[in-house]
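Reader: Could you walk me through how to read the empty spaces and a helix in a structure like this?
Author: Happily; let us look together.

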Amino acid sequence: MKLLSVNVGKPIETDYKGKNIETGIYKQPVSEKVYVSREQVEGDGQADLVHHGGSEKAICVYPIEHYSYWEEKLQRQLKPGAFGENFTVSGLDEKEALIGDIYKIGETRVQVSLPRQPCFKLAKKFEVDNMHLFVMENGYSGYYLRVLEEGYVKEGDDVTVEYRPTHGVTVALINRLTYHDKKDRVGLEQAMLAKELSESWYNKLRKQLSAL
């Protein structure tokens, strides 16, 4: 498993359907090593601090394995950072990453905290209506990391699993329960074992379970 690209970008103003918006989704790869704090990657920034950034969403990750699917669907070539992710990784997609996994990347130790829930700004980035809904539908969402130990990272760093919880709750399972199988009692009961899931998402799934 590898960190193929580190991508950062400051928020910019742009137009979306006649409205002025601010977004930090336009990321560019950087080749030099960068410092990762508990809040974000050095040189990066978020426009909407309510829904993006912060300790639970310090690093946005997207698997390189999805790029070929999107390139075929969109009929265009994509570069790392295309999905607004900070880390483009290989060998660690949503079906492989467990909520609560702890990885060593460069000098950092990071933990999988929740799936990414893309918003309309992804549609703006690609100029494709409902692009964010397509991502929710097929489960190619990416995910977030919280930072347990700060430090420097650079492209090409290995991603090493230091700890893997026994509950087996993957990012893909959380996506499925959230968007597709909302009444899967067995799945929801399993998800409740993933105490490392961000509090807001955990509570959302708990309410789904209690409503059954």
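Here we go through the cavities, then a pocket, then a helix and the loop after that helix.

Author: A note before we start: this is a predicted model, where local features need pLDDT of at least 70, side-chain atom pairs count only at pLDDT 80 or more, and totals for chains, interfaces and linings use all residues. Residues are numbered from 1 along each chain as its sequence is written, and side-chain values use heavy atoms, with hydrogens and water left out.

Reader: How many cavities of 30 Å³ or more are there?
Author: Rolling a probe the size of a water molecule over the atoms shows where empty space is left. On a 1 Å grid over the protein atoms alone, a cavity is a set of points where a 1.4 Å probe fits but cannot get out, and lining residues have an atom within 4 Å of a point. Volume is the space filled by probe spheres set on the points, which are joined across faces, edges and corners. The count here is two, and the second largest has a volume of about 30 Å³.

Reader: Which residues line the second largest cavity?
Author: Among them are Phe87, Tyr103 and Leu145. The lining divides into nine nonpolar residues, no polar and no charged (nonpolar being Ala, Val, Leu, Ile, Met, Phe, Trp, Tyr, Cys and Pro; charged Asp, Glu, Lys and Arg; polar the others, Gly among them).

Reader: What is the volume of the second largest pocket?
Author: A pocket is an open set with protein on both sides within 12 Å along at least five of seven lines. This one has a volume of about 180 Å³, and its lining has two nonpolar, five polar and five charged residues. Helix 4 (171-179) and helix 3 (131-138) each give two or more residues (helices are DSSP runs of H or I, at least four residues, numbered from the N terminus).

Reader: Which residues of helix 3 are buried?
Author: An α-helix has 3.6 residues a turn, so residues three or four places apart point the same way. In helix 3, Met131, His132, Val135 and Met136 are buried (under 20% relative accessible area, with a 1.4 Å probe and protein chains only). They lie on the same side of helix 3 because they cover an arc of only 145° around the axis, taken from the directions from the helix axis to the C-beta atoms.

Reader: Where is Ser141 found?
Author: Ser141 sits in the loop between helix 3 and strand 10 (strands are DSSP runs of E, at least two residues). Ser141 is buried, with a relative accessible area of 2%.

Notes
Buried means under 20% relative accessible area, exposed over 50%, partly exposed in between (1.4 Å probe, protein chains only).
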